[in-house]
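Let's take a walk through this protein together, one step at a time. Have the model open beside you and turn it as you read.

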Amino acid sequence: MTDDEEYRDRAEGVYQALLARVGEGAPERRLDATRRAVELLGDPQRAYPIIHVTGTNGKTSTSRIAESLLRAYGLRTGLLTSPHLVRFNERIVIDGQPIDDESLVRNWEDISPYLEIVDAELAESGKAPLTFFEALTALAYASFADAPVDVAVIEVGMGGEWDSTNVGDGQVAVFTPIALDHTKALGDTVEEIARTKSGIVKPSADVVSSAQTPEADRVLRDAAVLTESTFAEQPRDFDVAATRVAVGGQLVTVRGRAATYEDVFLPLYGDHQAQNAAVAVAAVETFLGRGTQPLKADLVEEGFATATSPGRLQLIGIEPSILVDAAHNPAGAETLAEALRRYFDFDEITFVVGILNDKDARGVIRALAPVATQFFVTRPDSERGRDAEDFGELVREEVGDEATIVYSDAIDAFESARDWAGEEARRAVVVAGSIVLVGQAMAYAEEQEWKKAVT
């Protein structure tokens, strides 16, 4: 066995050790456990400034574009996003690359004894041990300090106030659009969810917010006032001035806080990605110059050009076209449907869909139905995955029997959809509804070389 193979096996062992903890679907509403862990580690989260990103949709893409812009400026960056699509290493990105297996293993071995101390202390006081995400947060913050990075862009796992990433103090607190999602954990109204997310705003921070509903906007403004933070919001302080379709993406004009950046190529599809780019520009302007200094035009071009957003309207197969999109709630599904209308000219689309139990499945299907020819229904490879037959019944209620085909195995669904698309020109397959299912499709497409003809 080579060293690379050994470290890859050991890196998989790190992931399995994390999986043995309470999963991400059942977060603990607490910060004290993670705070104790990072305290024992010497507070690595204080070794670099943080841009903290929360919201309901768009936060991963916004985080990735912001990180790309910062890297264009020559800064060594850290990026924490969740969940991963194919490999766990994707969650912890250093200088634009997923953490390598050796660094992952070494950092895990360094922090593990301290996590065990915290687990013992929690058990002694009758509390649950550190969860998957609490341990991941400690690992990410320690890895960034070890790298070391100049700045870290941290995506909230769930909510904000009690999310374990909130042991870090974001100099810039960024809010993408807030809508209903994770209602069991975060609340039944947009106002309640916004209140939980507003917990990332720290004293004297700089807040950057996308356009919000009046209820969410009011909560975020109040949080800024209470913490004596600045507040920059869309469209007053920045906005998407224009966007037009281009080969491989779009040309975007962003009116930033300090300047306008015209006709910058963004290799991502969808008006929502232009929106994410505008928020990212405002966040980076705020971080680098408190929103008063224009970014360098050539570096904005470089930052946009190198931005990626895996699993977001990503082409994973050609001849026929196979796309994946991580839309897993009604707002995300509506955005996906609109992007398919504007940026592609397919005649027919089959959606391969699977969803988790806690999601608004009916809302997702209703949003996708207007652009769908049919749905191939399956189950994501997750303990929280909704049973395919059960989900299929719901889909039949919405679109009818003829447009609903159920597959117990996701691979069968992928292959059948691809066969169907290959029968006629201008047909496509879109995999959506679950990030887990998207990850399965991406891994299978790579294994089967569905993009082999791309040069």
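In this predicted model, begin with strand 12 (residues 314-317) and strand 13 (residues 321-324), which pair in the antiparallel sense over three bridges. To see one of these pairings, find Leu 315 and look across to strand 13, where its bridge partner is Leu 323. The two strands form a hairpin with three residues between them. Look there for Glu 319, which takes a positive phi near 50 degrees.

Now turn to another partner of strand 13. Strand 17 (residues 427-432) runs parallel to strand 13, and four bridges join the two. You have already met Leu 323 as the bridge partner of Leu 315; in strand 17, Val 430 stands opposite Leu 323.

Next, let's leave the strands and look at how nonpolar residues gather. The largest nonpolar core holds 37 residues, and those that touch the most other members are Phe 88, Ile 92, Leu 115, Leu 139 and Phe 144. Which elements give two or more residues to this core? They are helix 1 (3-19), helix 2 (32-40), strand 3 (92-94), helix 4 (101-124), helix 5 (132-146) and strand 5 (151-155). Helix 5 provides the largest share, 10 residues.

Zoom in on Ile 92 for a closer view. Leaving aside neighbours within four places in sequence, Ile 92 is in contact with Leu 79, Leu 80, Gln 97, Pro 98, Ile 99, Leu 136, Leu 139, Ala 140, Ser 143 and Phe 144. Finally, another core of 33 residues lies apart from the largest one, and its members include Ile 51, Val 93, Tyr 261 and Ala 307.

Definitions and conventions
Residues numbered from 1 in each chain as written. Predicted model: local features only at pLDDT ≥ 70, side-chain atom pairs only at ≥ 80, totals over all residues. Heavy atoms only, no water. Core = buried A, V, L, I, M, F, W, Y, C linked by side-chain atoms within 4.5 Å. Buried < 20%, exposed > 50% of the residue type's maximum accessible area, 1.4 Å probe, protein only. Contact = heavy atoms within 4.5 Å. Pairing = 2+ DSSP bridges.
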